[in-house]
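Subject: Structure handover

Hi,

Here is the structure I promised to pass on. Please open it next to this email and follow along.

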Amino acid sequence: MENRRWQARARRHLHQRGLHPVKALLQSSEHYEHAGKHFGEHGISLSNLKMDVAKMIGRKDAVVKQNNDGILYLFKKNKVTFFHGRGSFVKAVDGGYEIAVAGDKPETLTAKQVIVATGSDARPLPGVAFDEETILSNDGALRIGAVPKKLGVIGSGVIGLEMGSVWRRVGADVTVLEGLPTFLGAVDEQIAKEAKKALDKQGLKIELGVKVGEVKTGKKGVSVAYTNAKGEAQTLEVDKLIVSVGRVPNTNGLNPEAVGLKLDERGAIVVDDDCKTNLPGVWAVGDVVRGPMLAHKAEEEGVAVAERIAGQHGHVDFNLVPWVIYTSPEIAWVGKTEQQLKAEGVKYKAGTFPFMANGRARALGDTTGMVKFLADAATDEILGVHIVGPMASELIAEACVAMAFRASSEDIARICHAHPSLSESVKEAALAVDKRTLNF
Ligand code: NAI
């Protein structure tokens, strides 16, 4: 029972601060962009189009509340007792642990099994604290009250690109400063290049290879001194600055020392492949441990741990955790990138198919991007699938299923896909591995 309580806490944390609120804002801002820039192509004309930011933020809050209420309902339904407050280890007791919950109604609980799922916090730039007014983490970026004229973003990772896209679409002039010389280094290079082209075209200004220096806040906003890729000194003046340079595991107030729970040098709880910590009966999952900081990875780990506690054989295949970046076009992938296969010396075949040649994408008016398959040169087993384009977040699921069953690219190529649908591009990219595309 106790472990369920802890899992529950982690889920609530995610929904309030993480993924759902961003998706709600991405949807609203995308509607606005479509209405302003693309409805005309469909013969729909609008006059006096306006964005009510307060309403957009209000809708986002309502979506978050619905999700949170849904979780509270699920707790009740599944007989999970929920304690609202900050939990910390007090001491080890006979066969278990004492845990204090500080909150409106302080409690002390004892548990034989404990799952820590305390998530992560935004990492600030050294010496530049978040005030959530002008220097914003993703929390503050979700609550900006009016469209800033000029918005700066440090870090062109997942949060920087998603939040930068939201505020650009509703009218902000957005500049993203990225430290690395390559764009989205973890993404397949060909896909990242295609995504960058699309984002550039939309007017998101992304500067790569910069070195950020002093950040000063004043009455008028923020000024960021930086050196560009050519080594020239520059200053970026903006009304607000989002700092999205990664997140750090959160063990604030958890009091791991009280029980001797081991953390690594990054502050992450040390776990083995099964999410076991150094303490018997204590498990840890999600952003607070190694691996990608993704909600669905955390959920899989949580379920696997619950199964292990119940004496079953929980398992997570970390190679099959899909990634999605909810920009427009969306970027999604699973498995190995082409550069990883090259580095590992694996012999592979690649096949791509552009959405430009897909009938459904043309009807949608959204033909940017492609699907890319990477398959083992000898066995044809699918090793990675990479998508940049419309509904990539949904299309990637087919690749996950195929790879979980260790399918070959020919297996996908031989499956009947509905016409016209975006999913035909997945089939065509699989056919392209063997140079047999039908419609390109
Ligand atoms: P990130 O790790 O995705 O990107 C951080 C970026 O900042 C990197 O490109 C890095 O090179 C750059 N950077 C670091 N220090 C810098 C500096 N001093 N100056 C300039 N650039 C610098 O981290 P992000 O975007 O903050 O997201 C945190 C985590 O949250 C990620 O692990 C991500 O997976 C997760 N997340 C996932 C979402 C999704 O699945 N769609 C949505 C939101 C967050």
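Below is what I found, starting with the domains and the ligand and ending with the backbone.

**Domains**

Please keep in mind that this is a predicted model. The domain assignment splits the protein chain into three parts: domain 1 (4-121 + 248-319), domain 2 (135-245) and domain 3 (329-432). Between the C-alpha centres of domain 1 and domain 3 there are 30 Å.

**Ligand site**

Where does the ligand sit relative to domain 1 and domain 2? It lies between them, because both domains give residues to the shell around it.

There are 24 residues around the ligand. Those that come nearest are Ile 159, Glu 178, Gly 179, Gly 246 and Val 324. By class, the shell holds 14 nonpolar, 6 polar and 4 charged residues.

Which element gives the most to this shell? Helix 5 does, with 4 residues. Helix 5 spans 158-169, and strand 16 spans 323-325. Each of these two supplies at least two residues of the shell.

Three polar contacts are worth a look:

- Ile 159: a backbone N or O atom lies 2.8 Å from an oxygen atom of the ligand.
- Glu 162: a polar side-chain atom is 3.1 Å from a ligand nitrogen atom.
- Gly 179: a polar backbone atom lies 3.0 Å from a nitrogen atom of the ligand.

How much of the ligand does the protein cover? On its own, the ligand has 850 Å² of accessible area, and the protein covers 78% of that.

**Parallel sheet**

Next, the sheets. One open sheet has 5 strands, in the order 6-13-7-8-9, and its pairing is parallel. Strand 6 (135-136) and strand 9 (205-207) stand at its edges. Each has a single partner strand, so one side of each is left without a neighbour in the sheet.

For strand 6, the pairing with strand 13 (residues 240-243) is parallel and runs over 2 bridges. There, Ile 135 stands opposite Leu 241 of strand 13.

**Antiparallel sheet**

Another open sheet is made of 3 strands in the order 10-11-12, with antiparallel pairing. Its edge strands are strand 10 (211-218) and strand 12 (233-238), and each of them pairs on one side only. On average, neighbouring strands here are turned by 20° against each other, direction ignored.

Strand 11 covers residues 221-227 and pairs with strand 12 in the antiparallel sense over 6 bridges. Within strand 12, Val 238 is the residue opposite Val 222.

As a reminder for reading side chains off a sheet: in a regular strand they alternate between the two faces.

**Hairpin**

Strand 2 and strand 3 form a hairpin, with 4 residues between them. Strand 2 takes in residues 96-102, and strand 3 takes in residues 107-111. The two run antiparallel and are joined by 5 bridges. One residue pair to find is Ala 100 with its bridge partner in strand 3, Thr 108.

**Backbone details**

Which peptide bonds should you check? Two cis bonds came up, and both lead into a proline.

The bond from Ser 328 to Pro 329 is cis, with omega near 0°. Pro 329 has its place in the loop between strand 16 and strand 17 (330-335). Strand 16 is also one of the elements that supply residues to the ligand shell.

The other cis bond joins His 419 and Pro 420, with omega about -10°. Pro 420 lies in the loop between helix 11 (409-413) and helix 12 (424-433).

One phi angle also stands out. Glu 132 is not a glycine, yet its phi is positive, at about 60°. Glu 132 is found in the loop between strand 5 (120-122) and strand 6. Strand 6 is the edge strand of the parallel sheet that pairs with strand 13.

Over to you.

Best wishes

Technical notes
Residues numbered from 1 in each chain as written. Predicted model: local features only at pLDDT ≥ 70, side-chain atom pairs only at ≥ 80, totals over all residues. Heavy atoms only, no water. Pairing = 2+ DSSP bridges. Axes fitted to C-alpha atoms, helices over the stretch in contact; angles between N-to-C directions. Near = heavy atom within 4 Å. Polar contact = N/O pair within 3.5 Å; in protein donor to acceptor, adjacent residues only side chain to side chain. Areas by Shrake-Rupley, 256 points an atom, 1.4 Å probe, with all protein chains shown as cover. Nonpolar A, V, L, I, M, F, W, Y, C, P; charged D, E, K, R; others polar. Domains from an automatic or database assignment.
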